[in-house]
Amino acid sequence: MSTLDERGLRVPGAVIELARTLQDAGFPTWCVGGAVRDALLGRALLDFDLATAATPAQVRRLFRRTIPVGIEFGTVGVLDRDGRMHEVTTFRHDVKTDGRHAVVEFGASLDEDLARRDFTINAIAFDPIARRLHDPFRGREDLLAGVVRAVGVAEERMREDRLRALRAIRFASRFGFEIERETWVAIEASAAHLTRLSPERVKQEIDKTLEQVDAPSVAFARWRDAGAFAAVVPALAQVPDGTLAAIDRLPRAVTPTRPLRRTLRLATLFSSLEGKEATRALRALRASNQEISVVGALVDGWQRFGTALEAHLVAGSLPSDPALRRIAADVGRLRVNALLRLGAAHWAGDTRIAPRLVRQLFRRLTHIAFHDPIEIADLAIDGDDLRQHGLRAGPALGRVLQHLRHLVIEDPSRNQREILLALAGEWIARGDAAPTSGAERASGHE
Ligand code: ATP
Ligand code: MG
């Protein structure tokens, strides 16, 4: 690792220009926050935030194109020549805190501004003109040692803003850092008070963790061990290590879009619960309906089919094709792949299961899901055909189609017009299409 000095610290030209304009006008201006930290860790192409002695009004007067992104907190967005926005925030200090929201006051010094930041590694400033670091809380030492440490008295800092407990865990897991002892004790003490955070905030931290952290299991084990889950997602209070480990092992998709990866990771986090429980927990976290439905369906599919699939894999075999068709029909063709990824993540940690067999299952089930008739729309006949053959319209029609679908799932060679019409005729003649037939109850959801 580098010595973490200013030599390797590269700041984009547009940010330097911005800082120069402010400094030339007499306002001390520094790069601050996550980008300084990440640049010292050797990361490139960062979005630097600037902190300045200029008030928001003064900032707006100095630049042609500005956006009031958070004026009440002192933040002005300044657009550079290429139309890129950079955040410029007036030095400030907290005058009042209530566990989440702070009342801030301008007219503070750089040191006061740094002192209100959460962790030493996030409280390093860099003057991009003089190329000088200012690091009053020795954040660089902690960066080198790999430690997340609260600025000042940990217990007080967490009391000011409970979100910091979750942020500490996220940063530590993201960089593979330890959490300094006092800071950890303060996180544990904060756990019971995390109920003060809005569900949206908690969900946002979960999402950021799923997006930013390579091995989220470490982060979520800390959530659990500190008591954070017990407070804010009680269903996960006892989430098993094996479930968490599976999140880290999720296979990458060929083109892993970020939302897909996050959804899969979220489903895996909840995969030790019943589908209904997962749905309830996500609803309490104000997840979007779309996310609740996808994750709920995956968790449900895993709960219902995971054990049976696993038993086969442990025995060294694959389920029969009809059994695989039933799974594909049940979870839905478009969700089979995600369900398999979730399964693969669990099975990768199971020494009884041959990876080769898991790959075979992937191929077989994917093929079946997309080639075999498993949905009503895949049938060789439709409602019109049945009507033409004298079946009256109405709910009975749907029941006949469901029945035919199940017959075809058991044996796809039946999926021919004449055969299906004959089978429908037989079934109707037996009177099985009556409303209370068992087939309807067994038909599952579409
Ligand atoms: P990321 O890469 O995740 O954006 P970051 O360090 O930039 O990491 P932000 O949430 O963007 O994190 O916040 C920017 C900076 O503002 C932090 O580095 C920290 O100095 C300060 N900060 C943010 N949230 C808090 C908080 N809750 N309490 C104290 N300081 C905070
Ligand atoms: Mg940031």
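Q: Which exposed residues sit on the face of helix H14 turned away from its buried side?
A: This is a predicted model, so keep that in mind as we look around. Helix H14 has a buried side, and the face turned away from that side carries exposed residues. Those residues are Lys276, Arg280 and Arg283.

Q: And which residues of H14 are buried?
A: Helix H14 covers residues 275–284. Its buried residues cover an arc of only 165 degrees around the axis, so they end up on the same side of H14. Their names are Gly275, Ala278, Thr279, Ala281 and Leu282.

Q: What covers the buried residues of H14?
A: Buried here means under 20% relative accessible area, so something has to be covering them. Part of the cover comes from other helices, with residues 199–212, 258–269 and 289–315. In that order, they include H9, H13 and H15.

Q: Which residue with a positive phi follows H14, and what is its phi?
A: Just past H14 comes the loop that leads to H15, and Arg286 is found there. Most residues other than glycine have a negative phi. Arg286 is not a glycine, yet its phi is positive. The residue is Arg286, and its phi is near 60 degrees.

Q: Where is Arg131, and what is its phi?
A: Arg131 lies in the loop between strand S8 (125–127) and strand S9 (132–134). With a relative accessible area of 33%, Arg131 is partly exposed. Its phi is positive, though the residue is something other than glycine, and the value is near 50 degrees.

Q: Are H10 and H12 roughly parallel or roughly antiparallel?
A: Take helix H10 (residues 216–226) and helix H12 (residues 241–249), whose axes come within 7 Å. Those axes cross at roughly 150 degrees. Angles over 145 degrees count as roughly antiparallel, so H10 and H12 are roughly antiparallel.

Q: How do the residues of the contact of H10 with H12 divide into nonpolar, polar and charged?
A: On the H10 side you'll find Pro216, Ser217, Phe220, Ala221 and Arg224. They meet Asp241, Leu244, Ala245, Ile247 and Asp248 in H12. The split is six nonpolar, one polar and three charged.

Q: Are H7 and H9 roughly parallel or roughly antiparallel?
A: The axes of H7 and H9 are 10 Å apart, and the helices pack at an angle of about 5 degrees. Angles under 35 degrees count as roughly parallel, so H7 and H9 are roughly parallel.

Q: How many residues of the contact of H7 with H9 are charged?
A: H7 brings Leu163, Leu166, Arg167, Arg170 and Arg174 to this contact. Opposite them in H9 are Arg201, Glu205, Lys208, Thr209 and Gln212. Two of the residues are nonpolar and two are polar, while the charged ones number six.

Q: Is Ser173 buried or exposed, and what is it in contact with?
A: Ser173 is found in helix H7 (residues 163–175). Its relative accessibility is 11%, so it counts as buried. Leaving aside neighbours within four places in sequence, its contacts are Val213, Val218, Ala219 and Arg222.

Q: Which helices are among those covering the buried residues of H16?
A: The buried residues of H16 are Ala323, Leu324, Arg325, Ile327, Ala328, Ala329 and Val331. What covers them includes H15, H17, H18 and H20.

Q: Is Gly332 buried or exposed?
A: H16 is followed by Gly332, which has a positive phi near 95 degrees. The residue sits in the loop between H16 and helix H17 (336–347). Its relative accessible area is 19%, and the cut-off is under 20%, so Gly332 is buried.

Q: What does His389 touch?
A: His389 lies in the loop between helix H19 (383–388) and helix H20 (395–410). With a relative accessible area of 52%, it is exposed. Not counting residues up to four places away in sequence, His389 touches Arg417 and Leu421.

Q: How far apart in space are His389 and Asn122?
A: In sequence, 267 residues separate His389 from Asn122. In space, C-alpha to C-alpha, the distance is 74 Å.

Q: How far apart are the C-alpha centres of domain 2 and domain 4?
A: The domain assignment gives domain 1 (6–145), domain 2 (150–258), domain 3 (288–372) and domain 4 (376–442). Between the C-alpha centres of domain 2 and domain 4, the distance is 51 Å.

Technical notes. Residues are numbered from 1 along each chain as its sequence is written. Chains are lettered from A and ligands numbered from 1 in the order in which they are written. This is a predicted model: local features need pLDDT of at least 70, side-chain atom pairs count only at pLDDT 80 or more; totals for chains, interfaces and linings use all residues. Side-chain values use heavy atoms; hydrogens and water are left out. Buried means under 20% relative accessible area, exposed over 50%, partly exposed in between (1.4 Å probe, protein chains only). Helices (H or I, at least four residues) and strands (E, at least two) are DSSP runs, numbered from the N terminus. The arc is that of the directions from the helix axis to the C-beta atoms. Contact means heavy atoms within 4.5 Å. Axes are lines fitted to C-alpha atoms, for helices over the stretch in contact, and angles run from 0 to 180 degrees between N-to-C directions. Angles under 35 degrees count as roughly parallel, over 145 as roughly antiparallel, 65 to 115 as roughly perpendicular and the rest as oblique. Ala, Val, Leu, Ile, Met, Phe, Trp, Tyr, Cys and Pro count as nonpolar, Asp, Glu, Lys and Arg as charged, and the others, Gly among them, as polar. Domain bounds come from an automatic or database domain assignment.
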